[in-house]
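Reader: Could you walk me through one part of this model up close? I'd like to know which side of it faces out, which faces in, and what sits around it.

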Amino acid sequence: SGPLGLIADIVANGYYFSVNSAMIKSQAGQKIIAAIPRERVLTETDGPFIQHNDRPIEPKDIGQVLQYLSTIWNIDVTEAEKLVDSNFSKLIERIR
């Protein structure tokens with residue numbers, strides 16, 4: 001969360017952004033997600049703090065985030081998943 005203007009600074013400093021199911025359901029979260037470059041997006045559950053159907057969100061629920069990303073990026077959900085996986089691999093490579 002935070003001002004959209006910070007996104008460019010955060011990207012310029014090499015950071016990534018995590019997206020969870022609560023963000024895709026709020027207008028503020030959707031605006032933030034839309035402003036993040038695809039190559040800097042990761043997914044997260046933020047469980048057990050976020051609820052889905054009256055239960056703590058679990059890793060298996062991340063599919064709804066991938067579906068949302070595929071819609072706003074206008075790509076297949078499988079491609080969205082591959083892109084997020086690639087982002088994660090690039091991040092891990094940087095810290096090795």
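Author: The face of helix 3 turned away from its buried side carries the exposed residues Q27, K31 and A34. Exposed is over 50% relative accessible area, buried is under 20%, and partly exposed is in between (1.4 Å probe, protein chains only). Helices (H or I, at least four residues) and strands (E, at least two) are DSSP runs, numbered from the N terminus.

A quick word on ground rules. This is a predicted model, so local features need pLDDT of at least 70 and side-chain atom pairs count only at pLDDT 80 or more, while totals for chains, interfaces and linings use all residues. Residues are numbered from 1 along each chain as its sequence is written, and side-chain values use heavy atoms, with hydrogens and water left out.

Now flip helix 3 over: G29, I32 and I33 are its buried residues. Looking down the axis of helix 3, they fall within an arc of 100 degrees (taken from the directions from the axis to the C-beta atoms), so they line one face of the helix. What they pack against is helix 1, strand 1, helix 2 and helix 4; contact here means heavy atoms within 4.5 Å.

One neighbour from the start of the chain is L4, in the segment before helix 1. L4 touches K31, I32 and A35, leaving aside residues up to four places away in sequence. Its C-alpha atom is 9.0 Å from that of I36, though the two are 32 residues apart along the chain. At 43% relative accessibility, L4 counts as partly exposed.

Back to I33: along with L69, I33 has the most contacts inside the largest nonpolar core, which has 18 residues. Such a core is a set of buried Ala, Val, Leu, Ile, Met, Phe, Trp, Tyr and Cys residues joined through side-chain atoms within 4.5 Å. Two or more residues come from each of helix 1 (6–12), strand 1 (17–19), helix 2 (21–25), helix 3 (27–35), helix 4 (63–73) and helix 5 (77–95). Helix 4 gives the largest share, five residues. As for L69, it touches I33, V41, T43 and V84, again not counting residues up to four places away in sequence.

Finally, helix 4 also meets helix 5, with L66, Q67, L69, S70 and W73 of helix 4 and V77, A80, E81, L83 and V84 of helix 5 making the contact.
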